[in-house]
Amino acid sequence: MKFLQTGDLHLGKFFYEYQLLEDQKYVLNQLINELKLQVETDSPYDALIIAGDIYDRSMPPAEAVQVFSEFLAKIQKAFQELHVLIIPGNHDSALRLSYAQQILEQQRIHIRTDLTRIDEPVIIKDTAFYLMPFLQPASFSLIEQSDEKTETKKNDKKLEKQKKIQPSKTSLEKNLDLFSNVDENQAENKTDLLLKDNSEKKETFLMSQTDLAKEAIRRINISKNEDIPSVLVAHLFTAGSVESDSERIIWGTAEQVDNSLFKDFSYTALGHLHRCQQAGSRAFYSGSPLAYSFGESNTDKVFLRIELEKNKEPIVTKIPIEPLHPVISLTGSFEEFFDSEKYDKYKNHFLEIVSMTETIIENPVALLRKKFPYLLSFRQ
């Protein structure tokens, strides 16, 4: 099994005031070229994983949707055996991303946004891929159960049906006192309603990412076949990983998930964090294919090639990405940037300049953009 991993495309994103679609199309073309290269060397990929945040916002601009649509069309036409596995991230609207997913699935493009199908793997060759969308708070509840697909689950359900809720005698007596002036049948009916109400109040929705991920993986493990390799695709923040300032971190450390949850999978393909990094013995973030902040200017942007064989550790290879406009932050005097040729080689970079000149320069960005057309930030 051989697959290519990426994620956090953030199509439609602006970097400061600059629209990045041309840069993003440039990267997607490199991804297609990597797929073609492996076909030409007679070692094609079996799958492409895109681990969430396809778009930068839940209502993406039409141009971004068109770019992704054209990309999928090229993939489907050029690689007849390749499967594409897609999940929504925290920036995506799962509902919008799921448009036409039943039709696309027949074309080997698997977009999984529905948590009720979380325990249904996509089987490719001898490997089971489990696609776990970004888990919104209250996606699961403590008493909610997934579909009864195994004998164990069926037996549990039968036992649960046989149980009767028994509120305390004092509570029941107090409630029945309210119905002392009605006939026996009315009292019984109202008692049933009270008991049902008590049952419903015991439902507790899961809110933290740890609790949600535990419940999701519990459901997956129930249906998982341990005799074949399994891959989890997820969009979450693994505790101990390194974040970037371009990510949308909502709940601080409360949204971090322990990587021990992934221990029973042959490999875990992660999205959400923009730096390529390992997040467990067999878990990796590919990171975003482009730098989306100047804090990422010194980080390598890559795709990940994963080679998976039963009962062996996965082989993970980084495929470097060449950006259309590299991102860099430079420090120097205003005069060095304006009058000398010292930094001219960076004229096609997305550039942040930190000026060490003590005097205030009037309208420095307008002056410097004559030499550096992609200057986005100037700090004194």
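**Packing of helix H2 and the nonpolar core**

In H2 of this predicted model, the residues Ala64, Val67, Phe68, Phe71, Leu72 and Ile75 are buried (under 20% relative accessible area, with exposed meaning over 50% and partly exposed in between, for a 1.4 Å probe and protein chains only). These residues lie on the same side of H2, because they cover an arc of only 130° around the axis, the arc being that of the directions from the helix axis to the C-beta atoms. The opposite face, turned away from the buried side, carries the exposed residues Ala62 and Lys77. Because the model is predicted, local features need pLDDT of at least 70 and side-chain atom pairs count only at pLDDT 80 or more, whereas totals for chains, interfaces and linings use all residues. Residues are numbered from 1 along each chain as its sequence is written, and side-chain values use heavy atoms, with hydrogens and water left out.

The buried residues of H2 pack against H1, S4, S5 and S6, where helices (H or I, at least four residues) and strands (E, at least two) are DSSP runs numbered from the N terminus. Phe71 touches Leu28, Leu31, Ile32, Leu48 and Ile50, residues up to four places away in sequence not being counted; contact means heavy atoms within 4.5 Å.

The largest nonpolar core (buried Ala, Val, Leu, Ile, Met, Phe, Trp, Tyr and Cys residues joined through side-chain atoms within 4.5 Å) has 40 residues, of which Leu48, Ile50, Phe68, Phe71, Ile75, Val84 and Ile86 touch the most other members. At least two residues of this core are supplied by each of helix H1 (21–40), strand S4 (47–51), helix H2 (62–78), strand S5 (83–87) and strand S6 (109–111).
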